[in-house]
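Please open the model in the viewer and keep the selection panel at hand. The tour begins at a single residue and then moves outward.

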Amino acid sequence: MKRTSNFQNGLIWFGAGVSIAEILTGTYFAPLGMAKGILAILLGHLIGGALFFLAGYIGAKTRRSAMETVKMSFGQKGGLLFSLLNVLQLVGWTAIMIYDGALASNGIFNAGSWVWALVIGLLIVVWILVGITNLGTINKITMAALFILTLILCKVIFFGDAAVAAVSGEAMSFGAAVELAVAMPLSWLPLISDYTREAEHPFGATLASTLSYSAVSCWMYIIGMGAAIYTGEGDIAVIMVKAGLGIAALAILVLSTVTTTFLDAYSAGISSESLSGKIKGKWVAVAVALIGIVCAIAFPMDDITGFLYLIGSVFAPMVAVQIADWFILRRDCFDRAFSGRNLVIWLIGFVLYRLLMQVDIVVGCTLPDMVVVVLLCVAADKLLPKKEALR
């Protein structure tokens with residue numbers, strides 16, 4: 001297998017971070033004001049980035065995909081539950097990203113949202129068919145273009161002539177804002193290992209991926225928040241049109257959507273291989289992109305906050321169990337059918353996350369939920385018979 005360099009991994013996750021969905025999510029922070037908003041974004045990404053690194057490092061060290069590493073904690077059949085849930089959430093993400101990208105692109109060049117959904121979706125299919133390890137030159141050109149164009153976008157928003165606008169909308173609490181900042185990196189936890197597993201240098205590549213994604217994701221959130229505060233406009237396409245960016249704006253929207261959504265569809269294919277050895281991941285990824293096109297055309301998907309929180313409630317306790325098993329307990333259930341103990345602990349973590357969502361906690365609900373899950377894993381290891389193999 002061709003190994004990826006630290007730089008290639010960083011590029012992959014730079015592309016994942018440059019996302020319309022992240023910019024749109026950033027607009028929700030505007031009622032907090034710039035200072036508190038930035039603090040919430042940075043704190044949320046510090047928490048999310050730490051989890052991102054830990055999950056990715058497990059895959060990098062074991063050379064296993066994300067869903068294969070899940071089987072190390074939940075067993076061969078137990079892991080299938082999370083593989084199925086991951087495929088479903090990635091289908092959802094693919095549709096949401098195509099929908100957002102098509103809607104924004106249509107705001108700049110009105111050809112019909114369905115036309116842009118087709119264009120973006122078919123470009124994603126091309127990315128999938130070229131393959132992750134063969135995208136070197138294409139990725140470098142694309143990332144350079146995105147970097148330049150996002151700098152232009154920052155100049156328009158933060159150094160333009162617009163005065164600070166009155167921000168409308170209901171202000172969320174600081175804790176809810178932190179959780180919304182955690183939610184985006186958290187949504188990548190079930191697939192980070194799909195890319196770090198191919199890394200030439202496990203630690204370096206995982207660190208490069210984490211720093212690249214976290215920095216760019218914070219940047220996108222702040223762009224969205226700044227757009228809402230300084231221009232009074234949450235529609236990035238409208239801001240670009242007013243600034244006269246034209247073709248440059250289209251390039252930002254289309255390329256950022258393709259580079260991000262490609263990862264979702266590609267990982268859906270990899271996760272599906274965990275369900276059955278007969279499944280060809282590349283063709284599942286193509287099918288996911290096509291389903292995403294259809295869903296983006298057929299269904300409205302304007303508010304994704306509920307979707308983000310659902311992902312958090314499923315995958316935060318799952319990754320907490322993995323972190324406890326790999327880094328603390330050194331336990332391995334890969335050769336077992338189920339780990340009933342860990343499945344029960346995950347279920348407790350899922351329910352706890354949903355309950356904590358009703359409580360205003362300054363650091364959000366992901367961190368306390370995962371701390372409780374890790375402590376439950378350690379307590380169960382001390383009190384219950386040890387049946388799992390030790391690494």
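In which loop is methionine 357 found? Select methionine 357 in this predicted model: the residue lies in the loop between α15 (340–356) and α16 (366–383). Methionine 357 has a relative accessibility of 28% and therefore counts as partly exposed, since that class lies between the 20% limit for buried and the 50% limit for exposed.

Next, display the surroundings of this residue. With neighbours within four places in sequence left aside, methionine 357 is in contact with Tyr309 and Cys365. Add serine 313 to the selection: its C-alpha atom is 9.3 Å from that of methionine 357, although 44 residues separate the two along the chain.

Now move to helix α8, selecting residues 174–187. Is this helix mostly covered or mostly uncovered? Of the 14 residues of α8, 13 are buried, so that the helix is mostly covered under the 20% limit on relative accessible area. A distance between the end C-alpha atoms of α8 gives 20 Å, which agrees with the 20 Å expected for 14 residues at 1.5 Å a residue.

Finally, select the whole chain. Its secondary structure comprises 16 helices and two strands. The radius of gyration is 20 Å, close to the 21 Å of the globule rule for 391 residues, so the chain is as compact as a globular protein of that length. Along the principal axes, the C-alpha atoms fill a box of roughly 65 × 45 × 40 Å. Of the 391 residues, 57% count as buried. Coloured by charge, the chain shows 24 positive and 22 negative charges, whose mean positions are 12 Å apart.

Note on methods:
Residues numbered from 1 in each chain as written. Predicted model: local features only at pLDDT ≥ 70, side-chain atom pairs only at ≥ 80, totals over all residues. Heavy atoms only, no water. Helix = DSSP H or I, 4+ residues; strand = E, 2+ residues; numbered from the N terminus. Rg over C-alpha atoms; globule rule 2.2 N^0.38 Å. Buried < 20%, exposed > 50% of the residue type's maximum accessible area, 1.4 Å probe, protein only. Lys, Arg positive; Asp, Glu negative; His and termini not counted. Charge placed at Lys NZ, Arg CZ, Asp CG, Glu CD. Expected span 1.5 Å × (residues − 1). Contact = heavy atoms within 4.5 Å.
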